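Work through the following exercises with the coordinates open, and try each task before reading its solution.

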Amino acid sequence: MNSLILPLPGLALSASPSPSQGGGIAAAWDAVSYGLSWFFGNLAPAAVWVLVALAVCLAFFLYYWHCLKPRPHSLEWIAMAETRARPRQMTLTLKRHPFQRRDVLPMLLITVVYAATAFFRLGDFDVPQTYTVFQQGTSFTFSFSQPVTVDKLSYYTTLGSGSYRLEYSPDNGESWQSITLDQAYNTLLKWEVMDLTQPGEDEEQAHGPITAGMWRISAGSVQRYEGLWLAELALWHNGEPLVPQYVSSGGEALFDESDVWADKATYMNSSYFDEIYHPRTALEHLNNIYPYEVSHPPLGKLIISLGILLFGMTPFGWRFMGALFGVLMLPVLYVFLKNLFGKTPVAVCGTCLFAFDFMHLVQTRIATIDTYGVFFILVSYYFMYRWLTVPAGAKLRKSVPSLFLCGLFWGIGCASKWTVVYAGAGLALLWLLGLIFKRREWQKLADEQESSLEYASLPRFGAYVAGTIALSVIFFVFIPICIYVAAYLPYVTAAAARDGTQLTLQSLLGIVWDNQVFMLTYHQGVHTPHPYESYWYQWIFDGRPILYYRDLDYANTLGVKSLFASFNNPLVSWEGLLAFFAVLIQTIRRKSGRGLLILIAILSQLVPWLFIGRILFAYHYFPTILFLVFAITYLMNDMFTRRRRGYRLAVYGFTGCAVALYALFYPALTGLYMPLWYSQAFLRWLPSWPL
């Protein structure tokens, strides 16, 4: 089989050869020559689309600067010259534009269209649900009315690591032979297939078909206390399932779902990449089992478990909540953009850019925890923005709801994934700058009202700051810590059930502390090379996607393949990089508070990765691309404000091109089978794209 379901970041796949190592100028020149020859030697016909996309990005960027130019010596030119001559002061007391009734329809339309593409073929509903637990010494027999020939075995794994011993007797129980069925940690929640007519990975020759009427399966090795959970054992002959007539008591669940047997693992019926960890952990929490994977905080896996409760332990069930959160990001983003910029077309186009970004789709369809981190980052920044819109001079109670919700959702995000902590740095900087700028505006109000009766009603700024600091300690320290610690309750209840001990606050805090130490050391030690690893300087150019799944079984016979990878919509990625620098220039030139907010959000998500030496992947750029969309939207807002000839064509045209690319690449984002020529002609823009 040529199917590839990447199980974990450490999986080593074949990589391209590299030039011999050496030193000096000659070696450097050889490396450059090799890189260039490899690049141009591996270009596909689809590379021509890079030029088209770059032209679209450059045209949009240049048109933006054209829009800003006034006509020479016009009244507008004179007014802008006088404005530039007057000194400006930066402020972060931003304006909040209202969400209007006319915004409901476009917001819902974008959300529904995206939701249809996100939930389409998300995963099967029908996979084995009942399971048999094997402990050391557990054994079950099954038999057929007459000997059968088996040329393929498949079995659906659930929980636990170890192996099974499958025995068979060709002579009605007088002698027994056996084969081993492995259930490793990276093969859980999927159909494992053993083709007896083909050699295994470490075998020189095939085992060959088995003919027997009596069979027995027992636990070989059991590595953890919960045992081995096996959902189904399927026997095949010439592609037809063989269901035994007799199964010993207790083993009936091994053969009770033959209607959903499969002899091939696909992303629809099995786990892939890090789904071997997070849905497994969610299932362990639901069964009060101490989790195997403890390298991330628990809350994201607890959210995944809600989908499992709704739809069962199925691929659709464990992916449902991620896809739902991906959908829910869109109305939040729309409201944020409308409040920030005040223009419905700008909010529509900005939301479309993120809705139809490739990574937004792929990352929310896989049952990992990155989706929840990005969602809570977005929501926490939205409420920080709302806090910044509270005008200077307002009473403290006006700012409490936004400040509370900002801290609450940031705390929930931190309990879902550590990378949300990076967002906290940006939030803290915005909070500090917000107070600094408010003080100046507060003093200005005090000076204006000093001789009026209204002065007495102006709250004292010192009291406002003291109250804000006290509330912030509660909202951003105390409450997040409580949420974080409470998320570990499933750990301590499982440990108590396993060890027969009492659940105490001391045991809870001990487990929390030990797990933080483990997570820190674990992530610092992830240095195993991976063929799809990438770093920030590749992310910003969309240079190296991470391939999650590939099926080449029908490539030679039907000329089709199935795959999906996580990377960004090139237009969003490349224009976002240009827009970042445009916003930087405009923030300095205009003393723009909106621009400063966007820049801080982008840098807080990207800069920490510049100093991290562990193995990284393209999906770590996911939160940054969210705020690069804000940067592009900033440019669109200026175009609508200036209303120069062709501005609608530029904004709607660029958005339309991004949506068109989403449709073009959709098969490579969702695993739909596509002709090999389609990939070469339209999708493999760069040799480093494994499409």
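A salt bridge is counted here when a side-chain nitrogen of Lys or Arg lies within 4 Å of a carboxyl oxygen of Asp or Glu. The model to which this rule is applied is a predicted one.

**Exercise 1.** Determine which parts of the chain are tied together by the salt bridge between Asp370 and Lys417, and whether each partner is buried or exposed.

Solution. Begin with the distance: the side chains of Asp370 and Lys417 meet at 2.4 Å, N to O, which satisfies the cut-off of 4 Å. Next, place the partners: Asp370 lies in helix H10, while Lys417 lies in the loop between helix H11 (400-414) and helix H12 (420-449), so the pair ties together parts that are 47 residues apart in sequence. Finally, apply the limit for burial, which is under 20% relative accessible area: Asp370 has 11% relative accessibility and therefore counts as buried, and Lys417, with a relative accessible area of 7%, is buried as well.

**Exercise 2.** Identify the residues that line the largest cavity, and find which helix gives the most to this lining.

Solution. The structure holds four cavities of 30 Å³ or more, and about 80 Å³ of space lies in the largest cavity. Among its lining residues are both partners of the first exercise, Asp370 and Lys417, together with Gly373, Val374, Ile377, Thr419, Trp609, Tyr619, His620 and Pro623. Sorted by element, helix H10 (residues 370-388) gives the most, with four residues. Sorted by character, the lining divides into five nonpolar, three polar and two charged residues.

**Exercise 3.** Trace the salt bridge between Arg280 and Glu226, and state which network these residues belong to.

Solution. The side chains of Arg280 and Glu226 meet in a salt bridge at 3.8 Å, N to O. Arg280 lies in helix H5 (residues 278-286) and Glu226 in the loop between strand S8 (210-222) and strand S9 (228-237), so the pair ties together parts that are 54 residues apart in sequence. Both Arg280 and Glu226 are buried. Widening the view, a network of salt bridges links Arg224, Glu226, Arg280 and Glu284, and the count of salt bridges by this rule comes to 15.

**Exercise 4.** Classify Arg165 and Glu167 by accessibility.

Solution. The side chains of these two residues, Arg165 and Glu167, meet in a salt bridge at 4.0 Å, N to O. With a relative accessible area of 35%, Arg165 is partly exposed, whereas Glu167, at 12%, is buried.

Methods:
Residues numbered from 1 in each chain as written. Predicted model: local features only at pLDDT ≥ 70, side-chain atom pairs only at ≥ 80, totals over all residues. Heavy atoms only, no water. 1 Å grid on protein atoms, 1.4 Å probe; cavity = no way out; pocket = protein on both sides within 12 Å on 5 of 7 lines; lining within 4 Å. Points joined across faces, edges and corners; volume = space filled by probe spheres on them. Helix = DSSP H or I, 4+ residues; strand = E, 2+ residues; numbered from the N terminus. Nonpolar A, V, L, I, M, F, W, Y, C, P; charged D, E, K, R; others polar. Buried < 20%, exposed > 50% of the residue type's maximum accessible area, 1.4 Å probe, protein only.
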